[in-house]
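Open the model in your viewer and keep the sequence panel beside it. The stops below can be selected one after another.

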Amino acid sequence: MKDKEKTKEQLINELKEMRQRVTELEKSKDERLSDKQASKQMRVNEEEQRLKIKLDYLTSPTEKIENLKLTDLIDLEILQRIQDAFAQAHGVASVIEAPAGNPVTTESNYCQVCNLIRQTLKGKENCRKSGIILSKEAGETLKPALHSCKGIGFLEACAPIILDGKHIASWFMGQSNTMGVTRKRIKDYSKEIGADVDAMLEAFEKMPQMPMEKFEHVLSLLWQIAQQLSSFAYNNLKLARDITERVQAEKALRESEKKYRTILENMEEGYYEVDIAGNFTFFNDSLCKIFGYAEDELMGMNNREYSTPETAKRMYRIYNEIYRTEKFSKIADYEIIRKDKSIRILEMSASLMQDSAGKPIGFRGVARDVTERKRA
């Protein structure tokens, strides 16, 4: 009996421990999820900040094209995909670099010989210097450049990527054996830079060969793609600045309208604008008070709705005269019927409104309530 009770007690304790463990695991899971979400949100925030900085940089009115990088204008992922596909399709090594020699993309399809060369300090430096010389030539001529690399002697070329006449990047292709490099040269250069001679020779034997004619054909294609990228980069820059100019113009317009509205709202006189048919399209608060209507009630109201038929005809003749002559007009003793049916006497002015093409679109003016003065 005691053994059974003990077993029962043990089961209860084990159950409690299991529940505690489950609680701890769920808490741990929640914490991991929370950390993961926080990390994800941080990455999103960083990306948004990066894009904002990039947009500000791109659209700065004082920005010079010389300071722009290719990745400011074309997304790096797009560049990488195009480069990888080009290198794979045509069997050449490829990379895009800035004019100073800094890599923009990750190398595509690099041959084992050149990988071994770049594992040595001297070999890597020779490759860098050779690339800068080639890039400089392409940047000065704004045309593709071609030569044997200054290190081992493989054929290499580059096509400049141009933004509004300025060289902003070089797209390299090469590491091609066009029958100009021999096993002796491989041995000599391996010793010169301190590379493994046997590994270099083995890699050289596996290296595909490419006739000069084909190499030039591939370079011609590369130049066409580089020109398309140049055009794409320029269009992106132009679009970014067009958008910025529009945003700045809209901002200036909103600020101007705000000042305009502030001035109008502080006027004692009523300011109004009507369309060609005489319907209210814009007015200030003072005009609402003069007419006794709320803003939403007065908007769109025609002059026939707040004046007698005779007064409405008179106003039509005045507007017609202004439309024909485009001259400013003063209107005395203009009677209106307020919302509360009381009669008020106004002094008004009116002039023609035109759009940017000079087409008449309505009338604007100022109204002053002179009822008390007339009665006096």
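What does the accessible surface of the protein chain come to, and what share of it belongs to carbon and sulfur atoms? The surface is about 23700 Å², and 52% of that belongs to carbon and sulfur atoms; areas come from the Shrake-Rupley method with a 1.4 Å probe, and for residues only the protein chains shown count as cover.

This is a predicted model, in which local features need pLDDT of at least 70 and side-chain atom pairs count only at pLDDT 80 or more, while totals for chains, interfaces and linings use all residues. Residues are numbered from 1 along each chain as its sequence is written, and side-chain values use heavy atoms, with hydrogens and water left out.

**Whole chain**

Show the chain as a cartoon. The secondary structure comes to 12 helices and 9 strands, which are DSSP runs numbered from the N terminus (helices H or I, at least four residues; strands E, at least two). Of the 376 residues, 36% are buried (buried is under 20% relative accessible area, exposed over 50%, partly exposed in between, with a 1.4 Å probe and protein chains only). Among contacts (heavy atoms within 4.5 Å) between residues at least 6 apart in sequence, 52% join residues at least 24 apart.

**Largest pocket**

Select Glu97, Tyr110, Arg118, Cys127 and Arg128. The largest pocket holds about 520 Å³ of space, and these five are the closest to its centre among the 29 residues that line it. A pocket here is an open set of points on a 1 Å grid over the protein atoms alone, where a 1.4 Å probe fits, with protein on both sides within 12 Å along at least five of seven lines; lining residues have an atom within 4 Å of a point. Grid points are joined across faces, edges and corners, and the volume is the space filled by probe spheres set on the points.

Next, colour β1 (93–97), α4 (112–118), α5 (121–141), β3 (155–163) and β4 (166–176), each of which supplies at least two lining residues. The largest share, 6 residues, comes from α5. By type, the lining has 14 nonpolar, 8 polar and 7 charged residues (nonpolar: Ala, Val, Leu, Ile, Met, Phe, Trp, Tyr, Cys and Pro; charged: Asp, Glu, Lys and Arg; polar: the others, Gly among them).

**Salt bridges**

The structure holds 19 salt bridges (a side-chain nitrogen of Lys or Arg within 4 Å of a carboxyl oxygen of Asp or Glu). Select Arg81 and Glu77, a pair at 3.2 Å, N to O. They are separated by about one helical turn because they lie 4 residues apart in helix α3 (residues 76–90).

Move to Arg183 and Glu205, whose closest N and O atoms are 2.4 Å apart. Arg183 is in helix α6 (residues 183–193) and Glu205 in helix α7 (residues 197–206), so this salt bridge ties together parts 22 residues apart in sequence.

Then pick Arg373 and Glu347, with closest N and O atoms 2.5 Å apart. This pair links helix α12 (residues 371–375) to strand β8 (residues 343–354), across 26 residues. Arg373 is exposed at 52%, whereas Glu347 is partly exposed at 25%. Add Glu269 and Arg368 to the selection to show a network of salt bridges linking the four residues.

**Two backbone angles**

Most residues other than glycine have a negative phi. Select Leu142, in the loop between α5 and β2 (145–148), where phi is near 55°. Finish at Asp333 in strand β7 (residues 329–337), where phi is near 50°.
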